[in-house]
Amino acid sequence: MSRQNYLFTSESVSEGHPDKVCDRISDTIVDAFLAAEPQARVAAETLATTNRVVIAGETRGPKSVDNALIEHLTREAIRDIGYEQDGFHWQNAEIEILLHEQSSDIAQGVDAAAHKDEGAGDQGIMFGYACRETPELMPAPIYYAHSILRDLAAVRKSGKEPLLGPDAKSQVTVAYEGGKAVRAPQIVLSTQHADGLSSADVRRIVEPYVIAALPAGWIDERTVWHVNPTGKFVIGGPDGDAGLTGRKIIVDTYGGAAPHGGGAFSGKDPTKVDRSAAYAARWLAKNIVAAGLADRATIQLSYAIGVSDPLSIYVDLHDTGKVDPARIEKVLGDRDFVRLSPRGIRERLGLNKPIYARTSAYGHFGRAAEADGGFSWEALDLVDALKSALA
């Protein structure tokens with residue numbers, strides 16, 4: 001039996017965190033290629049440090065997405081995040097672009113042929129998870145850690161809180177009683193700020209937003225606050241700490257509350273199952289929980305490079321299921337029910353679109369499905385089919 005009374009902590013980082021700056025740039029490049037050609041291939045990695053950005057990787061797509069366009073889009077992404085400081089400025093940063101053609105050896109495994117469907121872009125395992133802790137069917141600690149930073153970014157960008165900077169981190173400890181998330185005994189928030197502010201000054205600015213982001217009553221007189229515990233956070237972003245694409249994969253997913261396959265998402269087109277199959281696994285897990293088949297669900301999918309169908313499908317309902325997990329595995333493995341090949345996932349979820357820059361901060365999951373196809377893997381469009389198949 002699972003524990004009923006415990007503390008669990010998750011962290012988030014803002015769009016101005018050095019690693020998230022890199023994720024944003026890499027996903028902006030993915031969007032540029034997919035906007036020009038939906039079948040383009042991209043694997044773009046970014047490094048950022050003091051007034052310097054290096055972009056490397058492999059692409060296959062139209063010549064219209066050239067280095068001049070990529071440099072322009074990179075500067076616009078940095079500008080939108082909010083960096084206009086001496087050590088990292090959207091206008092002045094040196095940008096080096098080292099993208100080259102995708103390996104023909106990889107391409108031949110992925111491309112469809114006369115008697116072969118498109119294969120996975122790499123081997124690997126991917127996980128999806130859902131639970132009833134929040135209306136969005138996400139674990140509470142990571143969901144509220146994201147909410148805090150997203151709200152602070154909004155008031156910073158609107159000009160309501162001009163003393164806050166782009167770089168920030170949050171951490172929320174949630175107390176569970178009887179298996180339910182009930183309060184936040186510890187809050188950690190470090191945010192970049194204008195020079196001259198003390199930690200107490202920063203807390204006065206951010207505290208109302210933190211309280212508003214959490215459920216009513218979660219913060220009380222027992223809650224311990226740690227706001228800018230180092231005392232000063234003026235130098236931030238890539239000027240304070242180098243960033244790399246794909247270095248915040250637990251922040252991107254479930255905050256450590258569920259397994260992670262190890263592959264990052266950002267910078268990859270959807271032929272890469274690191275990204276597309278992780279989205280599909282979340283979609284399946286969320287629809288299973290929403291269908292009332294379980295209160296918690298973990299899905300694992302595995303793939304081999306060049307092979308279309310998943311090698312295995314594993315379902316864990318964490319002793320909360322209303323049906324045998326093996327029955328769900330059988331249904332999900334039926335190609336007539338849902339196709340979990342890379343092509344099948346992309347077509348069902350509409351992934352060959354420029355929808356990825358928006359995923360690069362505040363989590364890839366627990367967001368609302370959008371009219372243009374963004375966050376399509378959050379849609380609850382499989383509920384009825386699952387109920388029917390498992391009746």
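Okay, Tyr254. In this predicted model, Tyr254 is buried, with a relative accessible area of 1%. So who does the ring of Tyr254 pair with? Searching the whole structure turns up 11 aromatic pairs. One of them is Tyr254 with Phe365, and that pair is stacked: 5.1 Å centre to centre, with 10 degrees between the planes. In sequence these two are 111 residues apart, so let me place them for you: Tyr254 sits in the loop between α6, which is 249-252, and α7, while Phe365 sits in the loop between α9 and α10, the latter being 383-389. Phe365 is buried as well, at a relative accessible area of 2%.

Stay on Phe365 for a second, because Phe365 also pairs with Tyr279, and this time the geometry is edge-to-face. The numbers there are 6.0 Å centre to centre and 90 degrees between the planes. Tyr279 is in helix α7 and Phe365 in that α9 to α10 loop, so this pair ties together parts that are 86 residues apart in sequence. And are Tyr279 and Phe365 buried or exposed? Both are buried.

Now zoom out a little. Which residues do the ring pairs link into a cluster? You get Tyr129, Tyr254, Phe265, Tyr279, Phe365, Phe375 and Trp377.

Phe375 from that list deserves a look if you care about backbone torsions. A bit of background: most residues other than glycine have a negative phi. Phe375 has a positive phi of about 55 degrees, and it's not a glycine. Phe375 is in the loop between α9 and α10. At 1% relative accessibility, Phe375 counts as buried.

There's another one like that on my list, His318. His318 isn't a glycine either, and its phi is positive, about 55 degrees. You'll find His318 in the loop between β13, residues 312-316, and α8, residues 325-332.

Right, helices. Two packed helices are described by the angle between their axes and the distance between the axes, and I'll go through three pairs that way.

Let's begin with α7, since Tyr279 already took us there. Helix α7 covers residues 273-290 and helix α9 covers 342-349; they pack at an angle of about 60 degrees with their axes 10 Å apart. Parallel, perpendicular, or what? Angles under 35 degrees would count as roughly parallel and 65 to 115 as roughly perpendicular, and α7 and α9 are therefore oblique to each other. The crossing of these two is left-handed. On the α7 side, the contact residues are Val273, Ser276, Ala277, Tyr279, Ala280 and Trp283, and they meet Pro342, Ile345, Arg348 and Leu349 in α9. So Tyr279, from the edge-to-face pair, shows up in this contact too. Split by class, the α7 with α9 contact has eight nonpolar residues, one polar and one charged.

Next, α4 and α5. Helix α4 is residues 140-158, helix α5 is 199-213, and they pack at about 135 degrees with the axes 9 Å apart. That makes α4 oblique to α5. The handedness here is right-handed. In α4 we have Tyr144, Ser147, Ile148, Asp151, Leu152 and Val155, meeting Val206, Tyr209, Val210 and Ala213 in α5. What does this contact look like by class? Eight nonpolar residues, one polar and one charged.

Last pair, α1 and α2. Helix α1 runs over residues 18-36 and helix α2 over 67-81, packed at an angle of about 135 degrees, axes 10 Å apart. That makes α1 oblique to α2, and their crossing is right-handed. The α1 residues making the contact are Val21, Arg24, Ile25, Thr28, Ile29, Ala32 and Phe33. From α2 you have Ile70, Leu73, Thr74, Ala77, Ile78, Asp80 and Ile81. The class count for α1 with α2 is 10 nonpolar, two polar and two charged.

One more residue before I stop: Asp269. Where does Asp269 sit? In the loop between α6 and α7. Asp269 is buried, with a relative accessible area of 0%. Compare its position with Asp27: the two are 242 residues apart in sequence, but 8.8 Å apart in space, C-alpha to C-alpha. And what does Asp269 touch? Leaving out residues up to four places away in sequence, Asp269 touches Val30, Ala40, Arg41 and Val42.

That's me done.

Conventions
Residues are numbered from 1 along each chain as its sequence is written. This is a predicted model: local features need pLDDT of at least 70, side-chain atom pairs count only at pLDDT 80 or more; totals for chains, interfaces and linings use all residues. Side-chain values use heavy atoms; hydrogens and water are left out. Axes are lines fitted to C-alpha atoms, for helices over the stretch in contact, and angles run from 0 to 180 degrees between N-to-C directions. Helices (H or I, at least four residues) and strands (E, at least two) are DSSP runs, numbered from the N terminus. Angles under 35 degrees count as roughly parallel, over 145 as roughly antiparallel, 65 to 115 as roughly perpendicular and the rest as oblique. A crossing is left-handed if the near helix is turned anticlockwise from the far one by less than a right angle, and right-handed if clockwise. Contact means heavy atoms within 4.5 Å. Ala, Val, Leu, Ile, Met, Phe, Trp, Tyr, Cys and Pro count as nonpolar, Asp, Glu, Lys and Arg as charged, and the others, Gly among them, as polar. Rings of Phe, Tyr and Trp (its six-membered ring) pair if their centres lie within 6.5 Å; planes under 30 degrees apart count as stacked, over 60 as edge-to-face and the rest as tilted. Buried means under 20% relative accessible area, exposed over 50%, partly exposed in between (1.4 Å probe, protein chains only).
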